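These are my notebook entries on one structure. I record what I looked up, topic by topic.

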Amino acid sequence: MRKYIGLVILLTVLASCQVSKKYERPTINTNNLYRDQQNTDTTTIATMPWQKLFNDPLLIELITEGLQQNLDLKIAVENINVARASFKQSKTTFLPDLNGNASITQSKLAFPQGFGIISSSTQYDVGLTASWEADIWGKLRSSKRSALAGLLQTEEARKAVQTQLISDIANNYFMLLALDEQLMVLEKTVVNRKTDVSTMKSLKAANIVTGAAEVQSEANQYAAEVAIPRLKRQIRETENVMNVLLTRQAGSIDRKSLESQQLLLDLNIGIPAQLLQNRPDVKQAEYAFMKAFEITNVARQSFYPSLNITASSGFTSFSFKDWITPSGLFANIAGGITQPIFNKGANKARLATAKAAQQESAYLFQKSLLKAGEEVSNALFSYQTAIEQQSIRTKQLQSLQKSVDFTKKLLRYSSATNYTDVLTSEQHLLSAELDNIGDKLQQWQAVISLYRALGGGWQ
């Protein structure tokens, strides 16, 4: 009894001498992550459910379908299952190993060839063997925390895939809406330019313009027509991208119009420190650091002795009739301490490698936060410039429309201009109309990018 009490006291003393370090988040400066933004309001659109960011029911249906069917998201879920199994296994390392065995062994003792067998025996064995390692230095606990960090890392990876998926579906949807509107502008332009060709033919017949003007009007018509096949190709390719995101067979995508979309006005961005909680990829990078931190603990603990206790019990007999009887019962227990002395520098190399990997993961954690701040800054400025562009574009369109009207009237009723002026005005107007649609698309893409950059979409 004194021996056992002494062993318990020894284990208690050793257990109090923890060599593992307690995890602390690396010190990272989040000030000024958002360029030219000194916001102190913690309200952020990142906490807004994605269903409230969009008002288009068709887009909401597409995103819902994507969240259910997308293959990248399903792969991320399977990665979580793998990590969860590893974590469950790590929790059982605190329990002893238990193995059962049953065997029949027949032995014969014989002289060299020619002298015959002098004896034989048969041994019957059945029993249980158990072994247990005492977690004196916290190595098993560190391994468990490492496995937990790995599990949490895969869960954040799934969230990151989800936020990116929502962003990709929405961006491609609005791209389709913009391409549809540009196609309508081009088709309307072609109709107008066909009318211009007829007008030029009439003016030429009346000797008001030359044949060059007639030919130029036809070339102007073809310039608009030739852009239509390219635009249709872009529409089809964008639909194909959407089908892959939705795990669909190739086909068209039901959608509304760009004009029917209502843009969110209050783009609250919160404070940079909130990225540590809202951005899945930033949290994923932190859990990767946490995992590396605990692996370093395990490597450090490998320098210390380990205590293993083994026990076995069962029945053994050289006679079948005496097998599994009190006379064949046996039991034993043994304890041993193993201290690494010389292992060719393996423990030192393991610790050095673990420390380097931990430092690398700390740098990646810091880099992920800086990248997140960059994306927020870029998305916010992109939205602001798109608003500014559209304000100027509206004035440009008004002026260009007047320019086209004036030059056409001058061409028809006086010799103060020629068809080259009309052609130039029409080309500028068409370009501005297409760019105006691009400005609207940029606004939506900036909002979607800002929502994802802030960490929205997984709540």
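**Entry 1. Exposure classes.** I begin with the cut-offs: a residue is buried under 20% relative accessible area, exposed over 50%, and partly exposed in between. The model I am reading is predicted. I looked up valine 77 and found a relative accessible area of 34%. Because 34% falls between the two cut-offs, valine 77 is partly exposed. Valine 77 has its place in helix H4, residues 71–91. I also looked up its C-alpha distance to arginine 158, which is 6.5 Å, with the two positions 81 residues apart along the chain.

**Entry 2. The chain as a whole.** I counted elements next: the chain has 11 helices and 4 strands. Of its 459 residues, 39% are buried. The exposed area of the chain is about 26,100 Å², and carbon and sulfur atoms supply 56% of that area. I then turned to contacts between residues at least 6 apart in sequence; 83% of these join residues at least 24 apart.

**Entry 3. Aromatic pairs.** How many aromatic pairs does the structure hold? I found 5. One of them joins tyrosine 173 and phenylalanine 174, with 5.9 Å from centre to centre and 90 degrees between the planes, and the pair is edge-to-face. Tyrosine 173 has a relative accessible area of 0% and is therefore buried. Phenylalanine 174 is also at 0% and buried.

I went on to the pair of phenylalanine 174 and tryptophan 444. Are their ring planes stacked or edge-to-face? The centres lie 4.3 Å apart and the planes are at 15 degrees, so I noted the pair as stacked. Phenylalanine 174 belongs to helix H5 and tryptophan 444 to helix H11, so this pair ties together parts that are 270 residues apart in sequence. Tryptophan 444 is buried, as is phenylalanine 174. I then checked for clusters: Phe54, Tyr173, Phe174 and Trp444 form one aromatic cluster.

**Entry 4. The largest cavity.** I searched for enclosed space and found 2 cavities of 30 Å³ or more. The largest cavity contains about 40 Å³ of space. Which residues line the largest cavity? I listed Thr163, Ile166, Ser167, Ile448, Tyr451, Arg452, Gly456 and Gly457. Helix H5 (139–205) and helix H11 (419–453) are the elements that give two or more residues to this lining. The lining of the largest cavity divides by class into 3 nonpolar, 4 polar and 1 charged residues. I noted that helix H5 and helix H11 are also the elements that hold phenylalanine 174 and tryptophan 444, respectively.

**Entry 5. The second largest cavity.** About 30 Å³ of space lies here. I recorded its lining as Tyr34, Thr44, Ala46, Ile269, Ile271, Gln274, Leu275, Asn278 and Leu454. By class, I noted 6 nonpolar and 3 polar residues in the lining of the second largest cavity, with no charged residue.

**Entry 6. Lysine 371 and leucine 33.** I looked up lysine 371 and placed it in helix H10, residues 346–413. Is lysine 371 buried or partly exposed? Its relative accessibility is 42%, so I entered lysine 371 as partly exposed. Lysine 371 and leucine 33 are 338 residues apart in sequence, yet their C-alpha atoms are 9.2 Å apart in space.

**Entry 7. Positive phi values.** I checked for positive phi in residues other than glycine. Aspartate 36 has such a value, about 60 degrees. Where is aspartate 36 found? I located aspartate 36 in the loop between helix H1 (2–16) and helix H2 (50–53). The relative accessible area of aspartate 36 is 69%, and over 50% counts as exposed, so I recorded aspartate 36 as exposed.

Threonine 247 is a further case, with phi near 55 degrees. I found threonine 247 in the loop between helix H7 (227–246) and helix H8 (275–278). At 36% relative accessibility, threonine 247 is partly exposed.

Note on methods: Residues numbered from 1 in each chain as written. Predicted model: local features only at pLDDT ≥ 70, side-chain atom pairs only at ≥ 80, totals over all residues. Heavy atoms only, no water. 1 Å grid on protein atoms, 1.4 Å probe; cavity = no way out; pocket = protein on both sides within 12 Å on 5 of 7 lines; lining within 4 Å. Points joined across faces, edges and corners; volume = space filled by probe spheres on them. Nonpolar A, V, L, I, M, F, W, Y, C, P; charged D, E, K, R; others polar. Buried < 20%, exposed > 50% of the residue type's maximum accessible area, 1.4 Å probe, protein only. Contact = heavy atoms within 4.5 Å. Areas by Shrake-Rupley, 256 points an atom, 1.4 Å probe, with all protein chains shown as cover. Phe/Tyr/Trp six-rings, centres within 6.5 Å; stacked < 30°, edge-to-face > 60°.
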